[in-house]
Amino acid sequence: MSFPPLQAAIFDMDGLMLDTERIAIDCWASAARELQLQMHDQVPYGMVGMHMSKVPAYLLAELGPDAPVQQLIDATHACYLEATAKAIPHRPGVIALLDWLRERGVPCAVATSSRRSVASHHLQAAGLWPYFEFAVCGDEIEHPKPAPDIYIKAATGLGRQPAECVAFEDSNFGIAAAHSAGCRAIMVPDLRPPTAETMALGVPVVESLSAAQPIVEAWLRVTTP
């Protein structure tokens with residue numbers, strides 16, 4: 001597949017730039033214990049990259065129709081807000097990559113499934129907000145990831161076509177969204193490896209954002225990946 005010259009970059013937030021996914025996993029487990037609810041350790045991992053609108057149905061399917069799903073969600077949210085009140089650690093290589101893109105005049109945006117209030121707090125507390133033109137958040141999109149809407153909106157905000165943007169994602173849901181939108185996508189897995197469906201898309205999978213930089217550098221030089 002051919003692409004026009006690369007002009008912009010779009011970043012996911014949770015698990016890609018900020019080490020939030022481990023915090024969320026711990027909070028789900030803590031909330032389940034608080035409610036004396038039996039929940040398999042792997043259940044929270046199925047929600048990595050999932051928009052909150054899809055969580056109740058997922059939990060009902062995993063825990064059964066009588067499970068106190070809303071109580072679990074509320075307790076987890078309260079735990080997460082407390083755990084993330086201070087600055088969250090960066091994922092490896094994020095500052096180096098953002099500095100490198102800034103030096104080359106590549107504008108950047110955020111496309112996150114997190115709600116606006118959470119995303120704004122996290123990005124500002126972690127010192128990342130100045131690197132970005134804007135953020136598109138999960139509560140501002142009708143059809144969340146893996147639908148392409150959030151990446152189409154982010155590309156439009158940057159004044160670019162999706163094919164002119166590189167998208168960085170850690171989750172399979174996010175990669176599906178970016179690829180469906182028409183972006184060039186790079187996966188940097190955090191807690192979950194790429195699925196067979198993700199691998200079939202042919203997107204690069206690297207161990208860190210630092211390892212993604214040479215790929216982007218090559219894409220900035222040529223018109224095809």
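**Entry 1: Lys145 and Glu169**

I looked up the contact between Lys145 and Glu169 and found that their side chains meet in a salt bridge, 2.7 Å from N to O. The structure is a predicted model, and I read every value below with that in mind. The pair links distant parts of the chain, with Lys145 in the loop between E3 and H6 and Glu169 in strand E4 (residues 165-169), 24 residues apart. I then asked whether each partner is buried or exposed. Lys145 has a relative accessible area of 3%, so I recorded Lys145 as buried, the limit being under 20%. Glu169, at 1% relative accessibility, also counts as buried.

**Entry 2: the peptide bond after Lys145**

I next examined the backbone at Lys145. The peptide bond from Lys145 to Pro146 is cis, and its omega is near 15 degrees. I placed Pro146 in the loop between E3 and H6.

**Entry 3: the second largest cavity**

Lys145 appeared again when I turned to enclosed space. As a general note, rolling a probe the size of a water molecule over the atoms shows where empty space is left. I noted 2 cavities of 30 Å³ or more in the structure. The second largest cavity has a volume of about 30 Å³. Which residues line the second largest cavity? I listed His51, Ser113, Gly138, Ile141, Pro144, Lys145 and Ile150. This lining divides into 3 nonpolar, 3 polar and 1 charged residues.

**Entry 4: Glu140 and Arg116**

I returned to charged pairs and looked up Glu140. Glu140 forms a salt bridge with Arg116, and the closest N and O atoms are 2.8 Å apart. Glu140 lies in the loop between strand E3 (135-136) and helix H6 (149-157), while Arg116 belongs to helix H5 (residues 116-125), so the pair ties together parts that are 24 residues apart in sequence. I recorded Glu140 as partly exposed, with a relative accessible area of 31%. Arg116, at 28% relative accessibility, is also partly exposed.

**Entry 5: Glu103 and Arg104**

I then looked up Glu103, which forms a salt bridge with Arg104. The closest N and O atoms of this pair are 3.4 Å apart. Glu103 has 61% relative accessibility and therefore counts as exposed, the limit being over 50%. Arg104 has a relative accessible area of 42%, and I entered Arg104 as partly exposed.

**Entry 6: the count and a network**

How many salt bridges does a search of the whole structure find? I recorded 8 salt bridges. I also found a network of salt bridges that links Asp19, Arg22, Arg91 and Asp190. For background, side chains of opposite charge can pair when their charged atoms come close.

**Entry 7: the largest cavity**

Arg91, a member of that network, led me to the largest cavity, since Arg91 is one of the residues that line this cavity. The volume of the largest cavity is about 40 Å³. I listed the lining as Gly15, Leu16, Arg91, Pro92, Val188, Glu207, Ser208 and Leu209. These residues divide into 4 nonpolar, 2 polar and 2 charged.

**Entry 8: Gln36**

My last search concerned backbone angles. Gln36 has a positive phi of about 55 degrees although Gln36 is not a glycine. I located Gln36 in the loop between helix H1 (21-34) and helix H2 (55-63). With 73% relative accessibility, Gln36 counts as exposed.

Technical notes. Residues numbered from 1 in each chain as written. Predicted model: local features only at pLDDT ≥ 70, side-chain atom pairs only at ≥ 80, totals over all residues. Heavy atoms only, no water. Salt bridge = Lys/Arg side-chain N within 4 Å of Asp/Glu carboxyl O. Buried < 20%, exposed > 50% of the residue type's maximum accessible area, 1.4 Å probe, protein only. Helix = DSSP H or I, 4+ residues; strand = E, 2+ residues; numbered from the N terminus. 1 Å grid on protein atoms, 1.4 Å probe; cavity = no way out; pocket = protein on both sides within 12 Å on 5 of 7 lines; lining within 4 Å. Points joined across faces, edges and corners; volume = space filled by probe spheres on them. Nonpolar A, V, L, I, M, F, W, Y, C, P; charged D, E, K, R; others polar.
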